[in-house]
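Student: I've got a structure open and I'd like to learn how to read it. Can we go through it feature by feature?

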Amino acid sequence: MEQLEPMSNFKWLKLIQLSITQECMGITYDGMVRYVNARQMTLASKVNDEWVSVITKTEADAREMNNSIAELYQIFSREPRLFYPVLLRGRGMAQLYSNPLHYYCDHIDWYIPTEEKAREADAWAKRETKILSDIDPNKLKYKFNEVKVENNHFVQELMDRKLNKDLQVLVTREKSYYKPNYIEVNSVKVEILPPSINLLMLILHLMTHILEEDVKPQMIIDLGMFLRKLGHLVDYIKIERWLNELGMQKIANLEGSLLISLFNFTQDEIPFMTEYLEEDVTGLIANIFSNEYMNPTDEFSISKRTKKNFKHLYRSATTFRYHPREITGSYVSKITRQFSRIEE
């Protein structure tokens, strides 16, 4: 309910374009509707019609994705396969929002526990679907019913080898202790991560984007929504121990600072946070809302790919102090990968 500057039709239409670029159309629309209704405003027909078009497609895509999640889970979990995949992020987070169909997600993320079952799931996908990418041996990308899907052998990976090994041991150990958690997708019970490990994964996911990639507003909102809706179910003693084991306390403080600066959280509402980094977070917020965007197809352009690499280098230099081991590990991995792909 922030006070806005006077909004012309041009600005309302520009807001639509920005929300599409930042992949948060439905969240922006819901906020705009509440704002307009509270002030008894009326949008121009061309603005309203454009929004209706965008939101109609968003809802249709979400329904199609839900259908694919339910169908895939049934295919995986029944005989003879018995994979029992775990739904990660994306549509699993949509349940926390007042209108789940307005939650944007461009693909389905599955985690298939145990290496044997993960390889079986990949083999099934290679036989039955259209493969998009199998370059990464631990992540298979494919299309099922025209919906993009990823089979992940790990819930999350870190680039520093030692830290990544510690993370996988942590996840395996935790998974052996917890009872399965489920959400309903089209009346099908689909397994998701339990609250404590799910919060750690959200912090990790946002960390990787802060350190090297573009941060989308929805990633920050997801973290905030999780804390507000499910935070009371989290074991914060474990979270504190895990953050220290993975050297992530500084970056966790930065993420908590984002919630305070952008969404009026108090530090008491973010139990994993030990320090408010008010000055540090200002530059990060400016970067997030800089409106710079590069379409994945642009990466075939050498000049644009070079610009992106310099942008990542600059981002890494400015965030190096938050997790030097992970940034160093990331660049070693990238250099190794680039050399392995050199063609004569």
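Student: What does the side-chain oxygen of aspartate 235 reach at the start of H9?

Tutor: That's a polar contact: a pair of N or O atoms within 3.5 Å, where, within protein, one must be able to donate a hydrogen and the other to accept it, and residues adjacent in sequence count only if both atoms are side-chain atoms. Here the oxygen of aspartate 235 comes to within 3.1 Å of the backbone nitrogen of isoleucine 237. Keep in mind that this is a predicted model, where local features need pLDDT of at least 70, side-chain atom pairs count only at pLDDT 80 or more, and totals for chains, interfaces and linings use all residues. Residues are numbered from 1 along each chain as its sequence is written, and side-chain values use heavy atoms, with hydrogens and water left out.

Student: And where do labels like H9 come from?

Tutor: Helices (H or I, at least four residues) and strands (E, at least two) are DSSP runs, numbered from the N terminus. This chain has 13 helices and seven strands.

Student: Which residues of helix H9 are buried?

Tutor: First the cut-offs: buried means under 20% relative accessible area, exposed over 50%, and partly exposed in between, with a 1.4 Å probe and protein chains only. In H9, residues 236-245, the buried ones are Lys238, Ile239, Trp242 and Leu243. Down the axis of H9 they fall within an arc of 130 degrees, so they line one face of the helix. The arc is that of the directions from the helix axis to the C-beta atoms.

Student: Why would spaced-out residues share a face?

Tutor: An α-helix has 3.6 residues a turn, so residues three or four places apart point the same way.

Student: Which helices do the buried residues of H9 pack against?

Tutor: Look for contacts, meaning heavy atoms within 4.5 Å. The partners are helix H6 (161-177), helix H7 (195-211) and helix H10 (249-263).

Student: Does a loop ahead of a helix show a polar contact like that of aspartate 235, and where should I look?

Tutor: Try aspartate 160, in the loop between strand S5 (147-152) and H6. Its side chain reaches the backbone nitrogen of lysine 162 at 3.2 Å. Aspartate 160 counts as buried, at 14% relative accessibility.

Student: Now phi. What should I look for?

Tutor: Most residues other than glycine have a negative phi, and most peptide bonds are trans. Just after H9, glycine 247 has a positive phi of about 65 degrees. Threonine 114 isn't a glycine, yet its phi is positive too, about 75 degrees. You'll find threonine 114 in the loop between strand S2 (108-111) and helix H5 (115-128), and it is exposed, with a relative accessible area of 51%. Serine 187 is another residue other than glycine with a positive phi, near 70 degrees. Serine 187 sits in the loop between strand S6 (181-185) and strand S7 (188-192), and at 66% relative accessibility it counts as exposed.

Student: How do I read a pair of aromatic rings?

Tutor: A pair of aromatic rings is described by the distance of the centres and the angle of the planes. Rings of Phe, Tyr and Trp (its six-membered ring) pair if their centres lie within 6.5 Å; planes under 30 degrees apart count as stacked, over 60 as edge-to-face and the rest as tilted. By this rule the count is seven aromatic pairs. The rings of tyrosine 97 and tyrosine 103 have centres 5.2 Å apart and planes at 55 degrees, so this pair is tilted. Tyrosine 97 is buried, with a relative accessible area of 11%, and tyrosine 103 is buried at 4%. There's also an aromatic cluster formed by Tyr73, Phe76, Phe83, Trp110, Trp124 and Phe144.

Student: Which residues does isoleucine 221 touch, beyond those up to four places away in sequence?

Tutor: Tyr97 turns up again, along with Ile27 and Phe263. Isoleucine 221 belongs to helix H8 (residues 217-230) and is buried at 16% relative accessibility. Its C-alpha atom is 9.9 Å from that of cysteine 24, although the two are 197 residues apart along the chain.

Student: Where is glutamate 191, and is it buried or exposed?

Tutor: Glutamate 191 is in strand S7 and is buried, with a relative accessible area of 5%. The C-alpha atoms of glutamate 191 and proline 85 are separated by 7.0 Å, with their positions 106 residues apart along the chain.
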